[in-house]
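Work through the exercises below with the sequence and the model side by side. Try each task before you read its solution.

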Amino acid sequence: MVTENELIYSDPSDGAVIEIARGDKGAAIINFSAQTHSVDLPASLPNGEYKDAVYGKTFKVADGRITGEAAPNGTYILYAK
């Protein structure tokens, strides 16, 4: 993923959740809040379900959006299939 462009998206409601996307190869989702947050952010990953490499949490990408639930102070690493 070294040659991939890096894009950063944040939750427009309060900025508690961000996504750092590495082209269509992977993404990191970070919840800076002490509360669970629903994730609904732009995505550059292909459509499909992605299992986080750290905790096994599943996020879904459809029509250019990534969705799921981020636990308090949680960090998730997603890789393209």
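The exercises cover strands, sheets, charged pairs and rings.

This is a predicted model, in which local features need pLDDT of at least 70 and side-chain atom pairs count only at pLDDT 80 or more, while totals for chains, interfaces and linings use all residues. Residues are numbered from 1 along each chain as its sequence is written, and side-chain values use heavy atoms, with hydrogens and water left out.

**Exercise 1. The open sheet**

Task: Find the order of the strands in the open sheet of 4 strands, and state which strands stand at the edges.

Solution:
- Start with the terms. Strands are DSSP runs (E, at least two residues), numbered from the N terminus. Two strands pair if DSSP finds at least two bridges between them.
- Read off the order. The open sheet runs S1-S2-S3-S8, and its pairing is antiparallel.
- Look at the edges. S1 and S8 (75–79) each have a single partner strand, so one side of each lacks a neighbour in the sheet.
- Add the twist. From one strand to the next it averages 15 degrees, where axes are lines fitted to C-alpha atoms and angles run from 0 to 180 degrees between N-to-C directions.
- Check one pairing inside the sheet. S2 (residues 17–22) and S3 (residues 26–31) run antiparallel and are joined by 6 bridges. Ile20 has Ala28 in S3 as its bridge partner.

**Exercise 2. Strand S6 and its partners**

Task: Describe how S6 pairs with S5 and with S7, and sort the residues of S6 by face.

Solution:
- Take S5 (residues 48–51). It runs antiparallel to S6, with 4 bridges between them. Lys51 has Thr58 of S6 as its bridge partner.
- Inspect the connection. S5 and S6 make a hairpin with 6 residues between them, and Gly56 in the turn has a positive phi of about 80 degrees.
- Move on to S7 (residues 65–70). S6 and S7 pair in the antiparallel sense over 3 bridges. Here Ala62 stands opposite Arg65 of S7.
- Inspect this hairpin too. It has 2 residues between the strands, and Asp63 takes a positive phi near 50 degrees.
- Recall the rule for faces. In a regular strand the side chains alternate between the two faces of the sheet.
- Sort S6 (residues 58–62). Phe59 and Val61 lie on the covered face; Thr58, Lys60 and Ala62 lie on the uncovered one.

**Exercise 3. Salt bridges**

Task: How many salt bridges does the structure hold? Give the partners and the closest N and O distance for each.

Solution:
- Set the cut-off. A salt bridge is a side-chain nitrogen of Lys or Arg within 4 Å of a carboxyl oxygen of Asp or Glu.
- Count. The structure holds 3 salt bridges.
- Pair Glu6 with Arg22. Their closest N and O atoms are 3.5 Å apart. The pair links distant parts of the chain, with Glu6 in S1 and Arg22 in S2, 16 residues apart.
- Pair Lys25 with Asp24. The closest N and O atoms are 3.7 Å apart.
- Pair Asp40 with Arg65. The closest N and O atoms are 2.9 Å apart. This pair also links distant parts of the chain: Asp40 is in S4 (residues 37–42), Arg65 in S7, 25 residues apart.
- Judge exposure. Buried means under 20% relative accessible area, exposed over 50% and partly exposed in between (1.4 Å probe, protein chains only). Glu6 has 48% relative accessibility, so it is partly exposed. Arg22, at 24%, is partly exposed. Asp40 is partly exposed at 43%, and Arg65 is partly exposed at 34%.

**Exercise 4. Aromatic rings**

Task: Is the pair of Tyr55 and Tyr76 stacked or edge-to-face? Are Tyr55 and Tyr76 buried or exposed?

Solution:
- Set the cut-offs. Rings of Phe, Tyr and Trp (its six-membered ring) pair if their centres lie within 6.5 Å; planes under 30 degrees apart count as stacked, over 60 as edge-to-face and the rest as tilted.
- Count the pairs. The structure holds 2 aromatic pairs.
- Apply the rule. The centres of the Tyr55 and Tyr76 rings are 6.0 Å apart and the planes stand at 65 degrees, so this pair is edge-to-face.
- Place the residues. Tyr55 is in the loop between S5 and S6, and Tyr76 is in S8, 21 residues apart.
- Compare accessibility. Tyr55 is exposed at 60%, whereas Tyr76 is buried at 4%.
- Widen the view. Ring pairs link Tyr55, Phe59 and Tyr76 into a cluster.
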